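Here is a quick look through one protein chain, written for someone who would rather be at the bench. Have the picture open as you read.

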Amino acid sequence: RPGLLRIQVRALLRAGAGRELRLMFPMVAAVEEFDRARAIVERELTHLRRHGHGLPERVHVGVMLEVPSLLFQLDEILTRADFLSVGSNDLVQFLYAADRANVRVADRFDPLSPPALRAFRMVAEAGQRHGKPVTLCGELASRPLEAVALAALGYRSLSLSPAAIGPVKATLLELDVGAARRVLLPLIDDLTGTATPRKALTAFAKAGGLPL
């Protein structure tokens, strides 16, 4: 529904006049979709400029990465997008083809399993290669142990529920990120199929006195 999207983008651009504005498009499955969305943003900027409306000081256009197909287009999307944010809830459930809202299957996967952690690492490393900021949102970062894993993978900006800010901050302030990486990365790359990152990270946290 491009007409509806144009109305929404125009409203955001007008509301952001004189400010820095960040627009993030969700559920992008292919770079072509983002190209079309960004073209609409450019079109609306031109429209507002032509009609004398105030514009944002700067517009950053990014992508919420939650569709697994985009994991295999990271270099392409990062040449186009100004930033990425990993939608951890949807990305993990799509990776495992398990509805997280269905209690019968929601527990069949662990977001701290090697496949999920490899996906998170791919995104963080791609962002570093391209010099683009990569953040993470979703419930995952609101748990201290999971936040430790994300910090070890290179994430430095996490979205948390308000109640989780204190516990997660307390854990990360005490964290030796280098030591966490030395524990976690070999487990991610383990090819025996027996790696248990959650157990190893829990033991690491307890040994280091990290509050969980």
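## Asp35 and its partner

Asp35 comes out as partly exposed in this predicted model, with 31% relative accessibility. Its side chain meets that of Arg80 in a salt bridge, 2.8 Å from N to O. The pair ties together distant parts of the chain: Asp35 belongs to helix H2, while Arg80 sits in the loop between H3 and strand S3 (84-87), 45 residues apart. Arg80 is partly exposed too, at 32% relative accessibility. Both count as partly exposed because their values fall between the 20% and 50% cut-offs.

## More salt bridges

How many salt bridges does a search of the whole structure find? The count is 9. One of them joins the side chains of Arg10 and Glu44, at 2.5 Å from N to O. Here again distant parts of the chain are linked, with Arg10 in helix H1 and Glu44 in helix H2, 34 residues apart.

Is Glu44 buried or exposed? Glu44 is buried, with a relative accessible area of 1%. Arg10, on the other side of that salt bridge, is partly exposed at 30%.

There's also a salt bridge between Glu20 and Arg22, whose closest N and O atoms are 3.7 Å apart. Arg22 is partly exposed, with 49% relative accessibility. Elsewhere, a network of salt bridges links Asp110, Arg143, Glu146 and Arg198.

## Helix H2

H2 covers residues 31-50, so 20 residues by the way helices are assigned here. From first C-alpha to last, H2 reaches 29 Å, close to the 28 Å expected at 1.5 Å a residue. Just after the helix, Gly52 takes a positive phi of about 75 degrees.

Which residues of H2 are buried? They are Val31, Phe34, Ala37, Arg38, Ile40, Val41, Glu44, Leu45 and Leu48. That list includes Glu44, the salt-bridge partner of Arg10. What do these buried residues pack against? They pack against helix H1 (2-15), strand S1 (20-25), strand S2 (58-65) and helix H3 (74-78).

## The sheet, and a helix across it

Two of those packing partners, S1 and S2, belong to an open sheet of 4 strands. The order is S1-S2-S3-S4, and the pairing is parallel. S1 and strand S4 (134-137) are the edge strands, each pairing on one side only. On average, neighbouring strands are turned by 25 degrees against each other, ignoring direction.

Between S1 and S2, which run parallel, there are 6 bridges. For Glu20, the bridge partner in S2 is Arg58. Glu20 therefore turns up twice: in a strand bridge with Arg58 and in a salt bridge with Arg22.

Helix H4 (residues 88-95) lies across S2, S3 and S4. Its direction makes an angle of about 55 degrees with S3.

## Helix H5

H5 takes in residues 114-130, 17 residues in total. Its reach from first C-alpha to last is 24 Å, close to the 24 Å expected at 1.5 Å a residue. Gly131 follows H5, and its phi is positive, near 65 degrees.

Which residues of H5 are buried? Pro114, Ala116, Leu117, Ala119, Phe120, Arg121, Val123, Ala124, Ala126 and Gly127 are.

Methods:
Residues are numbered from 1 along each chain as its sequence is written. This is a predicted model: local features need pLDDT of at least 70, side-chain atom pairs count only at pLDDT 80 or more; totals for chains, interfaces and linings use all residues. Side-chain values use heavy atoms; hydrogens and water are left out. Helices (H or I, at least four residues) and strands (E, at least two) are DSSP runs, numbered from the N terminus. The expected span of a helix is 1.5 Å times one less than its number of residues. Buried means under 20% relative accessible area, exposed over 50%, partly exposed in between (1.4 Å probe, protein chains only). Contact means heavy atoms within 4.5 Å. A salt bridge is a side-chain nitrogen of Lys or Arg within 4 Å of a carboxyl oxygen of Asp or Glu. Two strands pair if DSSP finds at least two bridges between them. Axes are lines fitted to C-alpha atoms, for helices over the stretch in contact, and angles run from 0 to 180 degrees between N-to-C directions.
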